[in-house]
Structures are given as C-alpha cells and as structure tokens.
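Colleague: I am new to reading structures, and I would like to learn how the words people use are tied to numbers. Could we go through one together?

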Amino acid sequence: MNPYDDEHLAQLIGALPPAPEAWVQAAQELPFARAQLDDIVARAEADAEFRRALFADLEQALRLEGYELDSLPLEELRRRLGD
Amino acid sequence: MEIASLPDARLVARCRTGDQDAWRELVRRFSRYVYAISSQAFRLRREDAEDVFQEVFARTYQHLDRLRDDEAIRPWIGQLTRRLCIDRLRAGGREELTDVEPSSVGADETIERLDEALAVHEAMAALPEHCQEILDRFFARDESYQTIGGELGIASGTIASRISRCLAKLRELLEGRNPGREPSSGR
C-alpha cells in the first residue's frame with residue numbers, strides 16, 4: 001500500500017480547511033493593535049489634555065491624533081483607560 | 001527568498017524583529033492547524049474556538065522572545081492550542097474535573113493526524129501555484145468542479161484530470177522527502 005495514495009492525500013488535504021478569514025485577520029493585526037493601545041494609554045497617563053479628550057469623546061480624540069480606528073480594539077482601550 | 005517560503009525558524013526570527021509581514025505569514029501558516037485542533041480534536045463551540053484561536057496567537061507573539069528553539073514553533077503552537085482547548089473545556093464545566101485531562105482521549109490521535117496533514121500542506125507549497133489552488137479548493141474548501149472552473153477560468157470537465165495530475169506531483173514530492181516511509185494505519 002502506498003502511504004500517499006490519492007484517497008489518503010485527499011483526506012489529509014481536507015483535514016485542514018481554512019480558518020474563518022475574520023479570525024485570521026484579527027490575529028494578524030492583534031500585536032500591532034496592542035502596541036498602539038500601549039502607546040495611547042501611556043500618552044493618556046502623561047498628558048492630561050489628551051486624557052480629557054479621550055474621556056470626552058474617545059473616537060473623535062483618536063481620529064484627531066491620526067489613529068486608524070478600524071485597527072484598534074476600542075473596548076479593550078476603554079477598559080484599560082477606566083482601570 | 002519570499003516570506004511565504006521562509007523556513008519556520010527564519011520566519012520566527014523575522015517576527016521577533018517586529019516585521020509585520022512576517023507575523024502575518026506566521027498567523028496564516030498556522031491558522032488552519034490551530035483552527036482544526038480546536039474544532040476537530042476538541043470540538044469546541046464556535047465562539048470558544050475563536051477565543052482560543054486569538055489567545056494562541058496573542059500568546060505566541062508575547063512569547064517569541066522566550067522560545068528556546070525557533071525550529072520548535074510548530075509543536076509549541078500545537079501544545080499551546082491543546083492546553084488552551086482543555087482550559088476552555090474545564091472553564092465551561094462541560095467536562096467533569098478529574099485527574100484525567102478532559103477530552104484528551106481521542107484528541108491526541110486527531111492531533112497526530114492533523115500534524116500529518118500540516119506536513120502535506122507544507123509540501124503542497126512546493127507545487128506549482130495552479131496545483132496548490134485546485135487541490136486546496138477541491139479538498140479543503142470543498143468547492144464543486146463548477147465553482148472551481150468558474151473561479152479559475154478552466155473547463156470543469158478537465159478538473160478531475162488536473163486534480164489527478166496534481167496529486168501525482170504531490171505524491172512525488174512527499175516520497176522524495178520521506179523515502180521508504182511506512183504506510184500510516186487505517187486512514
């Protein structure tokens with residue numbers, strides 16, 4: 001018996017279907033989003049005006065500073081700012 | 001060398017320098033494996049599988065500096081995924097807490113099969129692109145001849161023979177890598 005007969009190969013190829021694309025994209029962006037989060041939190045701690053702006057309107061304050069909102073986990077940021 | 005062709009150890013080394021493209025490739029390279037372990041070996045619910053998926057890659061990124069051996073990223077990710085799946089099952093209370101790891105019975109055998117599948121997918125990367133595409137679409141994405149024909153612009157009547165030729169090429173590659181390999185049992 002050939003260990004690489006067609007049926008066996010077909011089963012092995014089929015054993016690894018793609019993960020949902022949204023999961024993959026989120027995992028690909030996560031470390032960079034977290035680095036940005038660290039940066040924002042550090043700035044908020046050091047800069048009272050920036051901190052006030054974040055609390056007044058988080059999304060607007062970030063937009064004004066040039067952050068890409070789509071790539072940021074905003075809920076996590078709100079949680080960290082609230083700590 | 002293209003980033004997708006880099007061996008695991010060099011890819012890890014590039015990730016460690018903060019190379020975003022390398023990190024994206026690392027996630028892409030292991031995404032199917034991590035997904036399959038949680039969904040096939042441990043049969044996690046979709047939302048749990050997604051949490052495990054994100055946690056695996058978050059921890060992988062955090063631990064890049066502490067890996068003892070860059071070559072070992074593959075088993076390291078496999079073990080991490082296995083452990084997080086077991087933690088998830090325990091936390092969900094869907095398994096009785098005993099000294100025996102929940103749901104590991106049968107899971108290890110499935111993971112062994114997934115390891116073999118990962119090696120086959122890795123070998124596929126050395127095939128011509130049209131072969132990679134057609135084999136993946138037909139066997140892994142479960143697409144019909146009609147869909148594949150439409151997407152790739154080829155007559156659906158020729159797809160079966162193309163698949164057969166591509167499987168033959170894949171077999172040659174695998175036999176070249178593992179001469180004299182013993183047949184695996186019962187699959």
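Modeller: Gladly! Let us start in the loop between α6 (129–140) and α7 (145–152) of chain B, where Asp142(B) is found. Please keep in mind that this is a predicted model.

Colleague: What makes Asp142(B) exposed?

Modeller: We count the other C-beta atoms within 10 Å of its own, and a residue is exposed if there are 12 or fewer. Asp142(B) has 10, so it is exposed. Its backbone is worth a look too: phi is near 60°, a positive value in a residue other than glycine.

Colleague: Why is Arg43(B) called partly exposed?

Modeller: The buried class begins at 20 and the exposed class ends at 12, with partly exposed in between. Arg43(B) has 15 other C-beta atoms within 10 Å, so it is partly exposed. You will find Arg43(B) in the loop between α2 and α3 of chain B, and it has a positive phi of about 50° although it is not a glycine.

Colleague: And Gln28(A), why does that one count as partly exposed?

Modeller: Its count is 19, and a buried residue needs 20 or more, so Gln28(A) stays partly exposed. Gln28(A) belongs to helix α2 (residues 21–46) of chain A. Setting aside neighbours within four places in sequence, Gln28(A) is in contact with Trp23(B), Arg24(B) and Val27(B).

Colleague: How many residues does each chain bring to the contact between A and B?

Modeller: Chain A brings 24 residues and chain B brings 37. On the side of chain A that touches chain B, the elements giving two or more residues are α1 (6–14) and α2 of chain A. By class, that side has 19 nonpolar, 4 polar and 1 charged residues.

Colleague: How do you know that chain A is not a compact globule?

Modeller: A compact globule of 83 residues would have a radius of gyration near 12 Å, but chain A has 21 Å. Along its principal axes, the C-alpha trace of chain A spans about 75 × 20 × 20 Å. Its secondary structure comes to 5 helices and 0 strands, and 18% of its 83 residues count as buried.

Colleague: What tells you that the length of helix α4 (residues 73–92) of chain B agrees with expectation?

Modeller: The rule is 1.5 Å times one less than the number of residues. For the 20 residues of α4(B) this gives 28 Å, and the end C-alpha atoms are 28 Å apart, so the two agree. Several residues of α4(B) are buried, among them Ile73(B), Ile77(B), Thr81(B) and Leu84(B). The buried residues of α4(B) pack against α1 (8–16), α2, α3 (46–62) and α5 (107–124) of chain B.

Colleague: Why do you say that the largest nonpolar core lies between domain 1 (1–115) and domain 2 (126–181) of chain B?

Modeller: Both domains give residues to this core, so it lies between them. The core has 55 residues, and those with the most contacts inside it are Ile37(B), Phe53(B) and Leu114(B). Its largest share, 10 residues, comes from helix α2 (residues 20–41) of chain B. As for the domains, their centres, taken over C-alpha atoms, are separated by 27 Å.

Colleague: Which residues is Phe53(B) in contact with?

Modeller: Leaving aside neighbours within four places in sequence, they are Ala19(A), Trp23(A), Ala27(A), Val34(B), Tyr35(B) and Ser38(B).

Key. Residues numbered from 1 in each chain as written. Chains lettered and ligands numbered in written order. Predicted model: local features only at pLDDT ≥ 70, side-chain atom pairs only at ≥ 80, totals over all residues. Domains from an automatic or database assignment. Helix = DSSP H or I, 4+ residues; strand = E, 2+ residues; numbered from the N terminus. Contact = placed C-beta atoms within 7 Å. Nonpolar A, V, L, I, M, F, W, Y, C, P; charged D, E, K, R; others polar. Core = buried A, V, L, I, M, F, W, Y, C linked by C-beta atoms within 7 Å. Rg over C-alpha atoms; globule rule 2.2 N^0.38 Å.
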